[in-house]
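Here is a friendly walk through one protein model, meant to be read with the structure open beside you. Please take a moment to look it over before reading on.

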Amino acid sequence: MGTNVTTTYIKCPSDNQGSHSTLGIKLPFLVMIIKNLKKYFTFEVLVLDDKNLRRRFRASNYQSTTRVKPFICTMPMRLDEG
């Protein structure tokens, strides 16, 4: 397990599937079950919106404020014990 959230990641779909490959999710919600390992954690979702623009949503447990910019929204995330 890596210690740096900027260099340890899983990318899906992978780069070798082309630059415009997608997961093909059409529903307006995403459910993730994340285990609290008591370490810094972040995840980022790139979304293609109705104007055909790619925008990013990033949630992390080391951030305390929400920031909304034209192409990225960053949000704090709380992971409970368990």
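## The sheet

Two strands are said to pair if DSSP finds at least two bridges between them. With that in mind, and remembering that this is a predicted model, let us begin with strand E3 and strand E4 (residues 72–76), which pair in the antiparallel sense over 2 bridges. Within this pairing, Val 68 stands opposite Cys 73 in E4.

Stepping back, these strands belong to an open sheet of 4 strands in the order E1-E2-E4-E3, with mixed pairing. At its edges are strand E1 (42–48) and strand E3 (67–68), each of which pairs on one side only. As a general reminder, strands of a sheet pair through backbone hydrogen bonds, either parallel or antiparallel.

## The E1–E2 hairpin

Next, have a look at E1 and E2. Their pairing is antiparallel and runs over 7 bridges, and one place to find it is Val 45, which stands opposite Phe 57 in E2.

The two strands form a hairpin, with 5 residues between them. In the turn you will find Asn 52, whose phi is positive, at about 65°.

## Aromatic pairs

How many aromatic pairs does a search of the whole structure find? The count is 2. In one of them, the ring centres of Tyr 40 and Tyr 62 are 5.5 Å apart and the planes are at 75°; planes over 60 degrees apart count as edge-to-face, so this pair is given that name. Tyr 40 lies in the segment before E1 and Tyr 62 in the loop between strand E2 (54–60) and E3, so the pair ties together parts that are 22 residues apart in sequence.

The other pair is formed by Phe 41 and Phe 43, with ring centres 6.4 Å apart. Their planes are at 45°, so the pair is tilted. Both of these residues are partly exposed: Phe 41 has a relative accessible area of 25%, and Phe 43 has one of 23%.

## Around Tyr 40

Is Tyr 40 buried or exposed? At 63% relative accessibility, Tyr 40 counts as exposed, because the cut-off for that class is over 50%. Its ring partner Tyr 62 is partly exposed, with a relative accessible area of 40%.

Leaving aside residues up to four places away in sequence, Tyr 40 touches Val 5, Asn 61 and Tyr 62. There is also a link to the start of the numbering to look for: the C-alpha atoms of Tyr 40 and Asn 4 are separated by 8.4 Å, while the residues are 36 apart along the chain.

## Ser 60 and Thr 66

Ser 60 is found in strand E2. With a relative accessible area of 0%, Ser 60 is buried, since that class covers values under 20%. The side chain of Ser 60 is joined to that of Gln 63 by a polar contact of 3.3 Å. Beyond four places in sequence, Ser 60 touches Phe 41, Thr 42, Met 75, Pro 76 and Met 77; Phe 41 is a member of the tilted pair described above.

Thr 66, in turn, sits in the loop between E2 and E3. Again setting aside residues up to four places away, Thr 66 touches Thr 74, Met 75 and Pro 76. For Thr 66 and Pro 76, which are 10 residues apart along the chain, the C-alpha atoms are separated by 6.4 Å. Met 75 and Pro 76 thus appear among the contacts of Ser 60 and among those of Thr 66.

Notes:
Residues are numbered from 1 along each chain as its sequence is written. This is a predicted model: local features need pLDDT of at least 70, side-chain atom pairs count only at pLDDT 80 or more; totals for chains, interfaces and linings use all residues. Side-chain values use heavy atoms; hydrogens and water are left out. Rings of Phe, Tyr and Trp (its six-membered ring) pair if their centres lie within 6.5 Å; planes under 30 degrees apart count as stacked, over 60 as edge-to-face and the rest as tilted. Buried means under 20% relative accessible area, exposed over 50%, partly exposed in between (1.4 Å probe, protein chains only). A polar contact is a pair of N or O atoms within 3.5 Å; within protein, one must be able to donate a hydrogen and the other to accept it, and residues adjacent in sequence count only if both atoms are side-chain atoms. Contact means heavy atoms within 4.5 Å.
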